[in-house]
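Could you walk me through this fold and its cysteines? Let's take it step by step, with the model open beside us.

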Amino acid sequence: LDLGCGTSRLLCDMREAGYAGRLVGVDCAAAALRSVKERSESCHVELVEADATTLAPFADATFDVVVDKGTVDALISGDAAAATEA
């Protein structure tokens, strides 16, 4: 699950890197999801408009791994303050 996927290419990049399982992106911004959908049809990923605080469309324990790319980006860039802000 890519939580707060926005317009990121992360899921397509994962698919292209060989991840064969279910890849799901969730964001509350319909416009962002439309943008990703237009350029990711060949990636075979699921995009769902949902609130990240409830993930209402999904049952508990649906996903084995959750990625918050914004936090990952902050950690990679060395911006620890951005990664740990509440």
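Here are some questions and answers on this predicted model.

Q: In what order do the three strands form the open sheet?
A: Happy to start here: the pairing in this sheet is parallel. Strand S1 (2-3) and strand S3 (46-49) are the edge strands, each pairing on one side only. The order is therefore S1-S2-S3.

Q: Which residue in S3 is the bridge partner of Val24?
A: Strand S2 covers residues 24-27 and runs parallel to S3, with four bridges joining the two. Val24 belongs to that pairing, and its bridge partner in S3 is Glu46.

Q: What angle does the direction of helix H2 make with that of S3?
A: Helix H2 (residues 30-40) packs on the sheet and touches S2 and S3. Together, S2, H2 and S3 make a right-handed β-α-β unit. The direction of H2 makes with that of S3 an angle of about 165°.

Q: How many residues does the largest nonpolar core have?
A: Members of this core include Leu1, Val24 and Val26, along with Val48, Ala50, Leu55 and Phe58. Leu1 is in contact with Val24, Val26 and Leu55, and also with Phe63, Val65, Val66 and Val67, leaving aside its neighbours within four places in sequence. A second, separate core of five residues includes Leu11, Cys12, Leu23 and Val45. For the largest core, the number of residues is seven.

Q: Which cysteines form the disulfide?
A: The structure holds one disulfide. Its sulfur atoms are 2.2 Å apart, which is within the 2.5 Å cut-off. The pair links distant parts of the chain, 31 residues apart, from helix H1 (residues 10-16) to the loop between H2 and S3. The two partners are Cys12 and Cys43.

Q: Why is the disulfide of Cys12 and Cys43 right-handed?
A: A good one to check in the viewer is the torsion about the S-S bond. The disulfide counts as right-handed because that torsion is about 115°.

Q: Is Cys43 buried or exposed?
A: Residues count as buried under 20% relative accessible area. Its disulfide partner Cys12 has 4% relative accessibility and so counts as buried. Cys43 stands at 3%, so Cys43 is buried.

Q: Why is the sulfur of Cys5 too far for a bond with Cys28?
A: Cys28 holds the closest cysteine sulfur to that of Cys5, and the relation also holds the other way, with Cys5 holding the closest one to Cys28. A disulfide needs sulfur atoms within 2.5 Å. The sulfur atoms of Cys5 and Cys28 are too far for a bond because their distance is 9.7 Å.

Q: Is Cys28 buried or exposed?
A: Cys28 has its place in the loop between S2 and H2. Leaving aside neighbours within four places in sequence, Cys28 is in contact with Glu49 and Ala50. While Cys5, at 6% relative accessibility, counts as buried, Cys28 has 60% and so counts as exposed.

Q: How many Å apart in space are Cys28 and Gly6, C-alpha to C-alpha?
A: In sequence, Cys28 and Gly6 are 22 residues apart. In space, their C-alpha to C-alpha distance is 8.4 Å.

Methods
Residues are numbered from 1 along each chain as its sequence is written. This is a predicted model: local features need pLDDT of at least 70, side-chain atom pairs count only at pLDDT 80 or more; totals for chains, interfaces and linings use all residues. Side-chain values use heavy atoms; hydrogens and water are left out. Contact means heavy atoms within 4.5 Å. Axes are lines fitted to C-alpha atoms, for helices over the stretch in contact, and angles run from 0 to 180 degrees between N-to-C directions. A nonpolar core is a set of buried Ala, Val, Leu, Ile, Met, Phe, Trp, Tyr and Cys residues joined through side-chain atoms within 4.5 Å. Buried means under 20% relative accessible area, exposed over 50%, partly exposed in between (1.4 Å probe, protein chains only). A crossover is right-handed if, with the strands pointing away from the viewer, the path from the first strand over the helix to the second runs clockwise.
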